[in-house]
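Biologist: Hi! I've just opened this one and would love a quick tour. Where shall we start?

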Amino acid sequence: MALSLLLISTAMALVLAHAPTVLSRTNRALPTADLVTSATGPTRFCQAGEYLPAGTTAIRPWLAANSGPRVRLEAISGTRAIAAGETGSGWTSRELTVSVAPLKHAVSDVTICVSFQVRDEEVEFVGFPSPLSSAAVSNGRPLPGRLAIEYLRPGSRSWTSQLLEIARRIQFGRSLTGHWIVGLLLALTAGLVALVSVALIGELR
Amino acid sequence: MRARAARLLGRAPKAAWLCAAIACINAVSWSILTPAFQVPDEPDHFAYVKQLAETGTRPTSSISHLAPEIEWTLRADEHYQVRQQPQHTALASEALQEQFKAVTSATVGVSHGSPTAGVATGQPPLYYALEAVPYLLTRHSPIPDRLALMRLCSTLFAAITAMFVFMFIREALPAEPWAWTVGGLAVAVAPLLGFVSGAVNPEGMLYAVAAVTFYLLARAFRRGLTTRLAVTIGVTVGIGLVTKLNYAGLLPGILLGLAIASVRVARTSRTAALWRFAVAVGIGLSPAGLVVLANAFAREPLLGAFHGALALDKGSLLDELNYAWQLYLPHLPGTVDDFPGLFPARQIWFNGYVGLYGWLDTTFPLWVYNFALLPAVAIALLCARALFESRAALRSRLAELVVYATMSAGVLWMIGAASYGYFPGVDAYFSEVRYFLPMLALFGVLLALAARGAGRRWGPVAGALIVMLFLAHDLFSQALEIGRYYG
């Protein structure tokens, strides 16, 4: 048990030393998002005029589904795919994130293409309206808008360096606020670990 | 009755109380760290309670525009930007917090109920009636305070769940007391139990009532169905049926269990057997019977919201059964593949259990789901070994096993039937693992068996490792939630 607790602590310390992924760029022109189109069959969707920031390690196209299909994403400059990635099926909601190999330099005027096969499930493309000249294209057909796309990169600040900021923000979104909330959460976690340990030592000897 | 309940709980071992305390603490943690309304359908459940507490009537419309003061709170909390947008964290600045406090303080004193309660509208009222108590106690406070106290009350159901999972394991596997603790503790720290029970959601109560039901049936099999036990089972079933519609999934198995337990009583007295069966079924089904009668008088579908939820008038039963089968298992030769390119058991259910929080928008990195297969396979192998070694005992308890299997199949079929109503537009509409949690008692038994599968010498060590694995899962899930909303 002591070894397990040590392992958990070490793993938690490693996670905290790690810098979380941050948003490096989004193409969203408006804070709100609308349904651009939806697909219920094999689809290849392409959107030109994107900017791929340097060091991008993941791209998040705003696709929504209940049980999403396997998705392949390509970032194409000219005729060449400069970054590509794939994600398995079963993703849900809007949490689709496709990992790609990072580029050293930013590239402008990139076309982002997303392709997948679905038979029944409806996949929604969420974004914003745009003029036809800059609109995205799905299976060769122009759409009434553009897909919202977010570009992610590893952050420069570790979780540890953000702990005070996180502790401050945990107090927001409540009427009763104060540092006691963080203290209470820490006490509950300590109590949880202590009680589990007591129960294991007492009952499994 | 109260004295009997006190005697019953007083006989619970100390470890059962520890499991209850741990589950409650865990759910309280989840209730604090999860931002207001960032749990699936929580605004709708809150609206139901508001309507019941302020007007004494149930909501009548399932449209998603809730009472204005709830909508103000949701907007001030940036709910619609945060929900399903993992890159958008919860409130991030003092200015937004001040604005939030100003808006939510305006919700004090507005008490016109909420005639609309979204997806909660068709649900039975018991849980909401209980939650009306903390709601009314804080009715002079802003909505977030009311929600916080309601969430705290819900955490008590996590405690009841963990305690009765422990008690069920004690009845089902009486030989090795240390294994009861393994199953009870692992369930107590299960993150999904904390996440759901730490929110305003009738499922927290459903898990508790289901765990009590499993325990009572196990008691009937081990000690015989007495009249007292028949009454208790009847009351529990009645409570379950007015807690959440999903409880009905357990019903075929419960009826089968009662029938088998009564047949055993009939070996000594036929009259007693019939009486006890009738008492349990009569008490248990009376709330549902009243609803059917009311619907008959109102010339509405007899099964009410249940009718639509199960897609009873859509397609052939064979197609529906085929769909429900494939929702969990590989499709059979000669049948149409309803989930091409998707293996639901792994991608929906296993990954969903490993980590899918918030409005299904909070996930671990992909490697975590792959890594989680290792301990899952190890636990499954240990469990299989324990089952193989106790095959003789299993044969002698086949009828009991069939009852638990029927209860599980009922729950699974309900999820499948309800999802089938949305198919093919949506492959698996109700694809959330929280719907499996009424079967937590069986999950606890499987974990206890896995520990026993390591043998007499190494069993307790394996058990401790299983509990620590579940604790780690819980702590990292909480860290994930904190990172997602406040990072």
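Biologist: How do helix 1 of chain A and helix 23 of chain B lie relative to each other?
Modeller: They are roughly parallel to each other, a label for angles under 35 degrees (over 145 is roughly antiparallel, 65 to 115 roughly perpendicular, and the rest oblique). Helix 23 of chain B covers residues 455-486, and the two helices pack at an angle of about 20° with their axes 10 Å apart. Those axes are lines fitted to C-alpha atoms over the stretch in contact, with angles from 0 to 180 degrees between N-to-C directions. Helices here are DSSP runs of H or I with at least four residues, strands are E runs of at least two, and both are numbered from the N terminus.

Biologist: Before we go on, what kind of model is this?
Modeller: This is a predicted model, where local features need pLDDT of at least 70 and side-chain atom pairs count only at pLDDT 80 or more, while totals for chains, interfaces and linings use all residues. Residues are numbered from 1 along each chain as its sequence is written, and chains are lettered from A and ligands numbered from 1 in the order in which they are written.

Biologist: Good to know. Back to that helix pair: is the crossing right-handed or left-handed?
Modeller: Helix 1 of chain A and helix 23 of chain B make a right-handed crossing; that means the near helix is turned clockwise from the far one by less than a right angle, and anticlockwise would be left-handed.

Biologist: Which residues make the contact?
Modeller: Helix 1 of chain A brings A:Ser4, A:Ile8, A:Met12 and A:Val15, and helix 23 of chain B brings B:Leu465, B:Met468, B:Ala472, B:Leu475 and B:Ala479. Being in contact means that C-beta atoms, placed from the backbone, lie within 7 Å. By class, this contact has eight nonpolar residues, one polar and no charged. Nonpolar covers Ala, Val, Leu, Ile, Met, Phe, Trp, Tyr, Cys and Pro, charged covers Asp, Glu, Lys and Arg, and the others, Gly among them, are polar.

Biologist: Zooming out, how many residues does the contact take from chain A and from chain B?
Modeller: Chain A gives 48 residues and chain B gives 65 residues. On the side of chain A that touches chain B, helix 1 (2-17), helix 2 (163-169) and helix 3 (180-203) each supply at least two residues. Helix 3 of chain A has the largest share of that side, with 12 residues. By class, the side of chain A that touches chain B divides into 22 nonpolar, 14 polar and 12 charged residues.

Biologist: And inside chain B, what angle do helix 9 and helix 23 cross at?
Modeller: Helix 9 of chain B (residues 177-188) crosses helix 23 of chain B at roughly 10°, and their axes come within 9 Å. That makes these two helices of chain B roughly parallel as well. Among the residues that meet are B:Trp178 and B:Leu185 in helix 9 of chain B, and B:Ile466 and B:Phe470 in helix 23 of chain B. This contact has nine nonpolar residues, one polar and no charged.

Biologist: Switching to chain A: what is its domain assignment?
Modeller: Chain A has domain 1 (2-16 + 158-203) and domain 2 (21-154), with bounds from an automatic or database domain assignment. The domain centres, taken over C-alpha atoms, are separated by 36 Å.

Biologist: What order do the strands take in the open sheet of six strands in chain A?
Modeller: The order is 7-6-9-3-11-12, with antiparallel pairing; strands pair if DSSP finds at least two bridges between them. Strand 7 (80-87) and strand 12 (141-142) of chain A each have a single partner strand, so one side of each is left without a neighbour in the sheet. Chain A also has an open sheet of four strands in the order 1-14-4-8, again antiparallel. Its edge strands are strand 1 (21-26) and strand 8 (98-99) of chain A.

Biologist: Which strand does strand 2 of chain A join through five bridges?
Modeller: Strand 2 (residues 34-39) of chain A is joined to strand 10 (residues 123-129) of chain A, and they run antiparallel. In that strand 10, A:Phe125 stands opposite A:Thr37.

Biologist: Last one: which peptide bond is cis?
Modeller: The bond from B:Phe423 to B:Pro424 is cis, with omega near 10°. B:Pro424 sits in the loop between helix 21 (398-420) and helix 22 (440-452) of chain B. Over in chain A, A:Asp109 is not a glycine, yet has a positive phi of about 50°; A:Asp109 belongs to strand 9 (residues 107-116) of chain A.

Definitions and conventions:
Two residues are in contact if their C-beta atoms, placed from the backbone, lie within 7 Å.
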